[in-house]
Amino acid sequence: MLLRFASSPPPDRAEKFRSALEALGGKVAIVNTPGEAGAYVESALAGRRAIASQAPILEACGIDSLPSVTTEHSRQACAAADASITSAEYALAETGTLVVSAGLRDSRMVSLLPPCHIAVIERSKILENLDEFLDVCRQPAAQSSAVVLITGPSRTADIEMRLVRGVHGPGEIHVVIVNNVTAAPSYASEET
Amino acid sequence: MAEPYQHKIANALGDPKLQLAIYSATGRLADGRRRTVSTEAFPDYQELRQHAHEIKKHTLNHLDFYLQELERNVEARGGRVIWARDGQEARAFIRNLARERATNLIVKSKSMTTEEIHLNEHLAQDGIEAVETDLGEYILQLAGEKPFHIIAPALHKTREDIAHLFERRLHAAHETTPERLTAIARAALREKFLEAGIGITGANFLVADSGIVVLVENEGNARLSCSAPRIHVAVSGIEKVIPRAQDLGVFLNLLGRSATGQPLSVYTSFLSGPRREGELDGPEEFYLVLLDNGRTKVLADAEKRQSLYCIRCGACLNNCPVYRKIGGYSYPWVYSGPIGKILTPQFMGVHQDPWLPFASSLCGACAEVCPVKIEIPKILLALRAEITEAGIQKGGMLEKLAFRMWAWLMRHPRIYERVAPVAAAAASRLPRAGPLKAWLSQRDLPPLARRSFRQLWRERRK
Amino acid sequence: MPRVSLFVTCIVDQVFPQVGLAMAGVLDRAGCEIEFREAQTCCGQPAFNSGYRREARTVAEYFLQVFEDADYIVVPSGSCASMIAHHYAELFDAGDTRIAGLASRVWEFSRFLVDVLHVEDVGARLERVATYHDGCHALREMRTKEAPRRLLEHVRGLRLAEMDAAEECCGFGGTFSVKFPEVSGGMARTKIDSILRSGAEIVVSTDSSCLMQIQGVLSRAGTGVRTMHLAEVLDSR
């Protein structure tokens with residue numbers, strides 16, 4: 001098996017990820033603390049109704065206590081929401097990819113139905129590329145019945161080969177990379 | 001009297017709008033591929049192609065083993081494998097499933113395999129609506145047409161065509177921007193996704209060691225088809241299996257780049273069975289329909305079985321100068337382009353369309369871009385030999401006789417020397433018929449050489 | 001002094017003899033000892049491509065007999081060279097001594113000059129703007145891409161203007177040109193459009209069959225662009 005990774009040291013991966021995803025029309029913010037992450041998400045939401053998954057990092061960032069955010073996960077809630085916020089198992093720097101899996105805290109629909117998807121991840125979760133992911137996660141089927149690699153906003157060029165974003169999946173993607181999850185106090189405690 | 005295929009080809013060639021659409025769309029896809037597989041962008045490309053070829057070769061040489069391993073692992077994860085000898089068995093399973101679960105609405109994501117077995121038409125006869133959810137396929141379904149290209153199915157439709165279609169079939173407001181048209185389709189299909197009882201997808205790869213079905217797409221409709229309804233059915237040819245999850249790196253690095261010039265498509269899903277204990281959503285039942293439909297017959301031919309390595313990227317179509325002129329509708333079966341030229345005779349028998357393997361200049365562009373290195377020109381030549389052996393070549397006995405005489409002449413240089421210029425002179429005076437007429441319909445003849453090279457050489461030596 | 005046996009190909013022999021003479025002239029000036037075996041006719045490709053393997057084989061056997069002990073067989077055609085060097089193997093058993101080492105003895109003209117004789121400047125002069133057409137078999141089967149271009153670059157007064165569709169098939173494909181004439185013609189017209197966009201006055205290639213197709217369509221379209229075989233360009237002084 002050919003392995004092509006570990007070509008850039010970890011500190012550059014976030015930037016590599018950023019340029020790859022931004023080239024696809026996604027938005028990337030690299031922040032230092034969970035508090036900053038929470039602030040970014042609030043501003044990106046701009047008051048839209050959102051569903052957040054129950055990933056621990058989101059709690060650390062105070063996202064579940066943002067005004068327009070609920071963690072109610074039913075399909076109806078996902079279909080009605082304007083945005084969703086999740087974390088991700090990994091990110092792949094080379095292609096600007098998020099690796100999400102359906103599990104105890106994330107439904108399949110949460111990152112699929114709402115037209116805007118925001119993901120908050122720790123910098124340490126960024127791998128180089130697909131090959132490294134398959135090396136680190138030797139058995140993708142082990143943890144979840146649905147592991148999905150998300151590379152940018154949903155798109156089509158089926159009409160006259162013109163690029164349109166947001167066909168069935170989200171057309172708007174934000175990824176917030178948090179450099180240090182444990183260092184600073186959480187956004188929630190800053191409020192009080 | 002012109003045959004059906006000649007009419008179709010003539011129609012395609014005679015439609016300037018279509019010509020422009022095919023050429024620019026395939027050109028864009030081909031350029032995308034070229035950019036992402038260049039030595040700078042992807043130094044391992046050639047090595048990876050060879051690797052992919054070898055994995056496929058190995059897998060198909062031991063297909064029964066890997067299919068059994070696949071079945072074991074799919075069932076270990078709570079799914080069920082259905083072995084379908086042909087389209088009839090596959091369709092029967094799906095129809096019975098829909099009846100038993102009392103559902104008559106199915107959502108489908110793009111699958112050439114389901115088109116191969118005419119699934120939608122048969123389900124419709126049983127009162128079951130199967131809605132195509134890939135935007136291009138949805139448009140075609142509303143229009144009642146077949147896909148034009150494996151990756152860009154609605155290549156030949158303008159935005160005005162689509163606007164009128166949506167107004168008529170969906171009672172939508174008049175919109176003509178691609179963005180607004182897409183939004184109309186999104187809303188219409190969202191309802192179907194959430195209402196349907198069964199979601200049917202194809203499969204890009206089947207992983208034997210883990211029972212994973214891999215779906216590759218850009219829109220999100222495959223994800224919705226396999227996750228929203230209570231039941232997910234994946235329909236796949238048996239040749240899609242690869243041995244290990246680790247092998248996916250090889251194929252996924254090749255597929256997106258070869259197809260559209262994307263290093264990774266937007267969504268790559270690794271699905272393994274129905275929802276598990278504790279998962280918040282997902283289908284409750286999962287079925288993998290493994291379709292033969294003639295594949296084991298192709299497998300039996302050691303020289304041509306590499307035709308089954310195909311990962312359906314469409315690169316051969318986008319780079320084929322013939323496809324880029326005659327378009328998808330000129331081909332007799334669901335698979336068009338160079339891959340269609342070699343699959344069709346092997347599945348249908350060479351007798352069905354004996355003209356097809358000859359509709360190629362053997363330029364080799366297809367083999368050059370194939371990510372799994374299928375030797376398409378070599379297979380075309382083998383098919384041509386089969387056709388003449390069977391005596392069903394379009395030129396008939398006359399052609400065979402002509403080549404026999406020609407071969408004799410080529411072994412008798414002194415007679416050849418005398419006959420050739422006489423034949424050439426006579427031909428230039430003859431009425432325009434047969435090959436001469438065909439040549440002259442498109443281009444001028446070269447001027448006759450007054451003396452051959454060998455005559456001139458002899459004169460010089462003196 | 002390399003001994004070269006010319007295989008001029010049937011199309012050059014009968015239709016474009018000046019190409020054969022030009023090639024002989026260039027090789028002679030490059031210091032080769034040249035022979036032309038008069039018993040030669042055809043490589044068998046027309047029969048092979050049309051599916052008549054038995055007939056192709058009888059012609060191939062004859063070819064191998066004619067060129068039995070030739071050191072270098074030099075061919076002004078990528079497609080004919082490829083038929084011999086690569087496709088004869090499909091007509092004979094793997095162990096057949098007649099095809100042993102064939103691939104290393106059969107050379108397309110431009111590759112022979114550059115890779116065997118190590119010659120890139122043959123002392124030619126031609127004041128023209130030229131574009132180069134990559135014949136499919138020359139390009140993909142004989143790996144001929146750089147050699148003709150290097151040779152053309154050394155022709156005094158010649159300016160090489162690459163066309164955007166240099167590697168696209170001209171549409172000849174042997175009997176394809178008369179079995180599917182409209183498609184063949186369509187492919188040629190796409191090629192011609194690319195040629196005209198390049199601004200070239202002449203189109204150069206290693207294969208007379210391609211040039212015959214291209215010239216036929218260029219003339220029909222009423223353009224003043226002419227075709228020249230690489231050998232003719234290199235023989236110009």
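This report walks through a predicted model, looking at chain A and then at the domains and a sheet of chain C.

## Chain A at a glance

Let's begin with chain A, which holds six helices and twelve strands. Of its 192 residues, 56% count as buried. Contacts across the sequence are worth a look too: taking those in chain A with a separation of 6 or more, 74% come from residues 24 or more positions apart.

## Two domains in chain C

Chain C splits into domain 1, covering 3-115, and domain 2, covering 120-234. Between the C-alpha centres of these two domains of chain C the distance is 21 Å. Where they meet, 28 residues of domain 1 of chain C are in contact with 23 residues of domain 2 of chain C.

Which helices help to build the domain 1 side of chain C that touches domain 2? Helix 1 (10-14), helix 2 (17-29), helix 3 (45-49), helix 5 (78-87) and helix 7 (109-116) of chain C each supply at least two residues. By character, the residues on that side of domain 1 of chain C comprise 14 nonpolar, ten polar and four charged.

## A parallel sheet in chain C

Chain C also has an open sheet of four strands, arranged in the order 6-5-7-8 with parallel pairing. At its edges are strand 6 (156-160) and strand 8 (226-229) of chain C, each pairing on one side only. From one strand to the next, the twist averages 40°.

For a closer view, follow strand 5 (residues 125-132) of chain C, which pairs with strand 6 of chain C in the parallel sense over four bridges. Here C:Val129 has C:Arg159, in strand 6 of chain C, as its bridge partner. In general, strands of a sheet pair through backbone hydrogen bonds, either parallel or antiparallel.

Note on methods. Residues are numbered from 1 along each chain as its sequence is written. Chains are lettered from A and ligands numbered from 1 in the order in which they are written. This is a predicted model: local features need pLDDT of at least 70, side-chain atom pairs count only at pLDDT 80 or more; totals for chains, interfaces and linings use all residues. Two strands pair if DSSP finds at least two bridges between them. Axes are lines fitted to C-alpha atoms, for helices over the stretch in contact, and angles run from 0 to 180 degrees between N-to-C directions. A residue is buried if 20 or more other C-beta atoms lie within 10 Å of its own, exposed if 12 or fewer, and partly exposed in between; C-beta atoms are placed from the backbone. Two residues are in contact if their C-beta atoms, placed from the backbone, lie within 7 Å. Domain bounds come from an automatic or database domain assignment. Ala, Val, Leu, Ile, Met, Phe, Trp, Tyr, Cys and Pro count as nonpolar, Asp, Glu, Lys and Arg as charged, and the others, Gly among them, as polar.
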